[in-house]
Number of protein chains: 2
Amino acid sequence: MKLYDYPGAPSPRKVRLYVAEKGLTIPTVEVDLRAQAQQAPEFLAKNPGGTVPVLELDDGTFLTETLAICRYLEGVHPEPNLMGSNPKEAALVLMWHDIVTLEGYLALNEALRNGHPAFKGRALIGPKSYEQIPALAERGKQRAAAFFDRLDAHLSAQRYLATDRFSYADIVCYVTVEFAPRATRSNPIEGRPALERWRDEIAARPAIAAAG
Amino acid sequence: MKLYDYPGAPSPRKVRLYVAEKGLTIPTVEVDLRAQAQQAPEFLAKNPGGTVPVLELDDGTFLTETLAICRYLEGVHPEPNLMGSNPKEAALVLMWHDIVTLEGYLALNEALRNGHPAFKGRALIGPKSYEQIPALAERGKQRAAAFFDRLDAHLSAQRYLATDRFSYADIVCYVTVEFAPRATRSNPIEGRPALERWRDEIAARPAIAAAG
């Protein structure tokens, strides 16, 4: 097994934190996103989507998409359980994964990639060139703010995001919250006390603190 | 158990086809999207995201997000297996679910909701009003076309989308392909023979044909 990774990017960070919480060690290969190595033909042969992370299995299969990679690892290393131990828990983990991804993470990506000069001509992740849409950067910020409000309200009634214990949904959400200042130049925990309480608790977990 | 549904919308259709393939019968409540019933306070109390489908469990839990709803049903009715019967299959189903959703389904929604006069002021699903961004409608069409090219190439080498048998990923992709003509005014199967072969095969499945 081999993980294609890049230290500065938020999606592979979700996998790294998940691997740390599982107590696993997986050999990694760095794909230099600054040098556009994810667009090189030899990498696109592994993942036509041109994204990291990618998990190469021992049988030569390339798994792409963060959720799928973690789902594979959950299957082969079931303990500690991070994706739910009964149908309701498993559904709640996926539900919050999707809410965080669609309402929060994608909105932050819209804000960053359509607003920052470094992403000119690369407004979307992937091998195709797309021009920035400034109105989408603005909408991304608004949408992310609405998502963080929803999150703050939710976390004022629940210790963890999806179930009554720590799960993969917390990892995905934590990386999203940590990504926000870079994407929108404002910190979502300001003025959102429940979100701040939760963020501090996740950050203090030994595996998260060690993996960074 | 009770499913909040709307016959004309693509997301709840994914659940309906999944339920049909499982051979289940679940009582449904129609949420009239044309009358904006998904934005009414009594519905937002069930799902603050303001979307259908929603599955109400017997313990009063409301599950939102299509994938989460189907994952719950897979857990309580494991056969026939539609989400993978080993870690690699389960990962591949989620991987293709996410590729279809992020590259295809969201692109089609961008094209439809930012381009069609019926969605003026409602460019995003959910309770908040967002103005249309015409450049995003155009980008959505281009992005959807690139996705359908990728799909056609993939299906020229594989009978089914994710694994060597029919899965939930095929359902999600089928609804996405069927949604495309309405969203972009062009049919993705034209000029994509592998996609057409696959579409015809999925459409002819008895449960799919019966559920519509």
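This report describes a predicted model of two chains, A and B, going from the single chain to the contact between the chains and then to pairs of packed helices.

**The single chain**

Chain A contains eight helices and four strands. Read from the N terminus, its elements follow the order β-α-β-α-β-β-α-α-α-α-α-α. The radius of gyration of chain A is 17 Å, and the globule rule gives 17 Å for 212 residues, so chain A is as compact as a globular protein of that length. Measured out along the principal axes, the C-alpha trace of chain A spans about 50 × 45 × 30 Å.

Some backbone details stand out in the loops. In chain A, the peptide bond from A:Glu79 to A:Pro80 is cis, with omega near -10°. A:Pro80 lies in the loop between helix 3 and helix 4 of chain A. Chain B has a cis peptide bond from B:Glu79 to B:Pro80, with omega near -10°, and B:Pro80 sits in the loop between helix 3 and helix 4 (87-115) of chain B. Another loop of chain A, between strand 2 (28-30) and helix 2 (41-44), holds A:Gln36. A:Gln36 is not a glycine, yet its phi is positive, at about 60°.

**How the two chains are related**

A turn of 180° with a shift of 0.0 Å along the axis lays chain A on chain B with an RMSD of 0.0 Å. That is the relation of a two-fold axis. Which residue of chain A comes closest to the rotation axis? A:Leu136 does, with its C-alpha at 3.9 Å.

The contact between the chains takes 30 residues from chain A and 30 residues from chain B. On the side of chain A that touches chain B, at least two residues each come from strand 4 (62-64), helix 3 (66-76), helix 4 and helix 5 (134-155). Helix 4 of chain A gives the largest share of this side, eight residues. By class, the side of chain A that touches chain B has 18 nonpolar, five polar and seven charged residues. Of the interface residues of chain A, 100% are also interface residues in chain B, so the copies meet through the same surface.

**Three pairs of packed helices**

Two packed helices are described by the angle between their axes and the distance between the axes. The table gives these values for one pair across the interface and for two pairs within a chain.

| Helix pair | Angle | Distance between axes |
|---|---|---|
| Helix 4 (chain A) and helix 3 (chain B) | about 165° | 8 Å |
| Helix 1 (chain A) and helix 6 (chain A) | about 140° | 9 Å |
| Helix 4 (chain B) and helix 5 (chain B) | about 150° | 7 Å |

Across the interface, helix 4 (residues 87-115) of chain A packs against helix 3 (residues 66-76) of chain B at an angle of about 165°. That makes helix 4 of chain A roughly antiparallel to helix 3 of chain B, because angles over 145 degrees count as such. The crossing of these helices is right-handed. Helix 4 of chain A contributes A:Pro87, A:Lys88, A:Ala90, A:Ala91, A:Leu94, A:Met95 and A:Asp98, which meet residues of helix 3 of chain B including B:Leu67, B:Arg71 and B:Tyr72. This contact has nine nonpolar, one polar and three charged residues.

Within chain A, helix 1 (residues 10-22) packs with helix 6 (residues 168-184) at an angle of about 140°. Helix 1 and helix 6 of chain A are therefore oblique to each other. Helix 1 of chain A passes helix 6 of chain A in a right-handed crossing. Among the residues in contact are A:Pro10, A:Leu17 and A:Tyr18 of helix 1 and A:Tyr168, A:Ile171 and A:Phe179 of helix 6. The contact of helix 1 with helix 6 in chain A divides into eight nonpolar, no polar and three charged residues.

Within chain B, the axes of helix 4 and helix 5 (residues 134-155) are 7 Å apart, at an angle of about 150°. That makes helix 4 of chain B roughly antiparallel to helix 5 of chain B. Helix 4 of chain B passes helix 5 of chain B in a left-handed crossing. Helix 4 of chain B brings residues including B:Glu103, B:Gly104 and B:Ala107 to meet residues of helix 5 of chain B, among them B:Pro134, B:Leu136 and B:Phe147. Here the classes are eight nonpolar, four polar and five charged residues.

Notes
Residues numbered from 1 in each chain as written. Chains lettered and ligands numbered in written order. Predicted model: local features only at pLDDT ≥ 70, side-chain atom pairs only at ≥ 80, totals over all residues. Axes fitted to C-alpha atoms, helices over the stretch in contact; angles between N-to-C directions. Parallel < 35°, antiparallel > 145°, perpendicular 65-115°, else oblique. Left-handed = near helix turned anticlockwise from the far one by under 90°. Contact = placed C-beta atoms within 7 Å. Nonpolar A, V, L, I, M, F, W, Y, C, P; charged D, E, K, R; others polar. Least-squares fit on C-alpha atoms with pLDDT ≥ 70 in both. Rg over C-alpha atoms; globule rule 2.2 N^0.38 Å.
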